[in-house]
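Colleague: Could you take me through the way one reads strand order, helix packing and ring contacts in a model, giving the general idea and then the case at hand?

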Amino acid sequence: MGGRVVILGIYVTDLAFRASRMPLIGETIAGSTFAMGPGGKGSNQAVAAARAGAEVVFCTRLGHDAFGDIARATWQAEGIVARAKTVEGMATGAAHIFVEEGTGHNAIIVAAGAAGTMDAGDADAIEADIASAQVFVTQLEQPVAAARRGLEIARRHGVTTVLNPAPALPLPDDIFALCDYVTPNETEAATLTGIDVRSPDDARRAADVLLAKGAGAVIVTLGEAGALMHSSTRSIFVPAFRCGPVIETAGAGDGFTGGFAAALARGDDPVDAIRFGCALAGISVTRPGTAPSMPRLTEIEALLGAAAPAG
């Protein structure tokens with residue numbers, strides 16, 4: 001596939017519990033299954049992009065512990081170049097993931113651990129990597145200062161920038177001017193703009209707010225409906241792909257962003273890159289886990305070639 005993607009973000013080890021419902025405060029309920037595996041938005045996006053055929057560099061911080069060992073083994077297995085600083089005396093991040101049986105819907109608590117200490121210096125340290133990339137991606141699980149510096153460096157070197165504003169936080173308006181693409185989901189778009197997003201029309205209105213703040217284009221992911229790309233020159237809705245029963249949705253947004261970045265890096269038109277990301281995400285939700293659920297390039301291409309997107 002080709003193209004280099006540099007991603008700055010966090011790694012956490014996912015601790016996933018499946019049960020019929022969330023327990024109430026003070027209540028203990030029985031779960032049906034437990035699984036542990038690699039996660040964290042940045043790392044998940046890196047795995048998705050690598051499996052989709054991109055050359056990937058991932059920057060984060062880890063603790064000196066067993067979870068950090070899992071992280072490095074994961075990246076090595078996926079062919080991801082890791083720029084991961086070890087922070088002594090701090091734990092590698094972890095995430096509690098509740099998965100609702102029957103729907104695959106999830107609720108997540110993330111503790112960033114060592115990655116929560118990232119700062120602008122982490123981005124400065126990978127400037128050469130960013131300068132040689134086609135696409136730079138970051139999110140908001142690590143401190144905003146690190147994300148901002150990465151965006152600034154990428155913009156200085158003419159690299160396409162993607163901000164996945166997750167989890168949604170109040171952001172200074174001027175950060176959006178550093179972003180060629182901003183990729184919120186419905187909840188994040190609502191938090192950033194104050195507009196309740198329930199439809200593509202709502203997504204357009206929310207996107208207009210972010211465009212007015214300087215974003216180049218906004219892609220609002222709408223879950224099982226699909227994704228809307230909205231810019232000053234075009235507004236296009238891309239339907240989702242239905243690939244089978246939904247098992248778990250926790251990694252879908254990361255899969256979309258990683259796939260979108262990988263397709264952009266190889267030179268795809270943005271709308272084609274969105275369709276590629278939707279196909280990747282559509283496959284991922286039929287499997288358990290976050291990073292482990294990401295499909296390979298051959299699977300994505302087979303779906304794009306053989307299946308019509310759901311209307």
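Modeller: We go through the sheets, then the helices that lie on them, then an aromatic pair and the helix crossings, keeping in mind that this is a predicted model.

Colleague: Let me begin with the sheet that contains β2 and β6; in what order do its 4 strands come?

Modeller: One reads a sheet by listing neighbours from edge to edge. Here the order is β3-β2-β6-β7, in an open sheet with mixed pairing, and the edge strands, β3 (33-39) and β7 (106-113), each pair on one side only. Direction ignored, neighbouring strands of this sheet are turned by 15 degrees against each other on average.

Colleague: How many bridges does β6 make with β2, and how many with β7?

Modeller: Strand β2 (residues 12-19) and strand β6 (residues 92-100) are joined in the parallel sense by 8 bridges, whereas β6 and β7 run antiparallel and share 7 bridges. A single residue lets you follow both pairings: Ala95 in β6 is the bridge partner of Asp14, and Ala95 also stands opposite Val110 in β7. The hairpin of β6 and β7 has 5 residues between the strands, and there Gly102 takes a positive phi near 95 degrees.

Colleague: Which strands form the edges of the sheet of 9 strands?

Modeller: The edges are β5 (81-87) and β13 (235-239), each of which pairs on one side only. Between these edges the full order reads β5-β4-β1-β8-β9-β10-β11-β12-β13, again an open sheet with mixed pairing. As a local example, strand β9 (residues 160-163) runs parallel to strand β10 (residues 181-182), to which 2 bridges join it, and the bridge partner of Leu163 in β10 is Val182.

Colleague: Which strands does each of the helices α2, α5 and α7 lie across?

Modeller: For such a helix one gives the strands it touches and its angle to one of them. Helix α2 (residues 66-78) lies across β2, β3 and β6, and runs at about 80 degrees to β6. Helix α5 (residues 144-156) lies across β1, β8 (135-138) and β9, at about 170 degrees to β8, while helix α7 (residues 200-212) lies across β10, β11 (217-221), β12 (226-231) and β13, at about 40 degrees to β12.

Colleague: What kind of aromatic pair do Tyr11 and Trp75 form?

Modeller: One looks at the distance between ring centres together with the angle between planes. The structure holds 5 aromatic pairs, and the one formed by Tyr11 and Trp75 is edge-to-face, with 5.8 Å centre to centre and 85 degrees between the planes. Tyr11 lies in the loop between β1 (4-8) and β2, and Trp75 in helix α2, so the pair ties together parts that are 64 residues apart in sequence.

Colleague: How, finally, do α1 and α8 cross?

Modeller: The axes of helix α1 (residues 41-51) and helix α8 (residues 252-265) come within 7 Å and cross at roughly 50 degrees, and the two helices are therefore oblique to each other. The crossing is right-handed. Its contact residues include Lys41 and Ala48 in α1, and Asp254 and Ala262 in α8; by class the contact has 3 nonpolar, 6 polar and 2 charged residues.

Colleague: And at what angle does α8 pack with α9?

Modeller: The angle between α8 and helix α9 (residues 270-284) is about 145 degrees, with the axes 7 Å apart, and this crossing is right-handed. Among the residues that meet are Phe256 and Phe260 in α8, and Ile274 and Phe276 in α9; the contact comprises 12 nonpolar, 4 polar and no charged residues.

How values were computed
Residues are numbered from 1 along each chain as its sequence is written. This is a predicted model: local features need pLDDT of at least 70, side-chain atom pairs count only at pLDDT 80 or more; totals for chains, interfaces and linings use all residues. Side-chain values use heavy atoms; hydrogens and water are left out. Axes are lines fitted to C-alpha atoms, for helices over the stretch in contact, and angles run from 0 to 180 degrees between N-to-C directions. Angles under 35 degrees count as roughly parallel, over 145 as roughly antiparallel, 65 to 115 as roughly perpendicular and the rest as oblique. A crossing is left-handed if the near helix is turned anticlockwise from the far one by less than a right angle, and right-handed if clockwise. Contact means heavy atoms within 4.5 Å. Ala, Val, Leu, Ile, Met, Phe, Trp, Tyr, Cys and Pro count as nonpolar, Asp, Glu, Lys and Arg as charged, and the others, Gly among them, as polar. Two strands pair if DSSP finds at least two bridges between them. Rings of Phe, Tyr and Trp (its six-membered ring) pair if their centres lie within 6.5 Å; planes under 30 degrees apart count as stacked, over 60 as edge-to-face and the rest as tilted.
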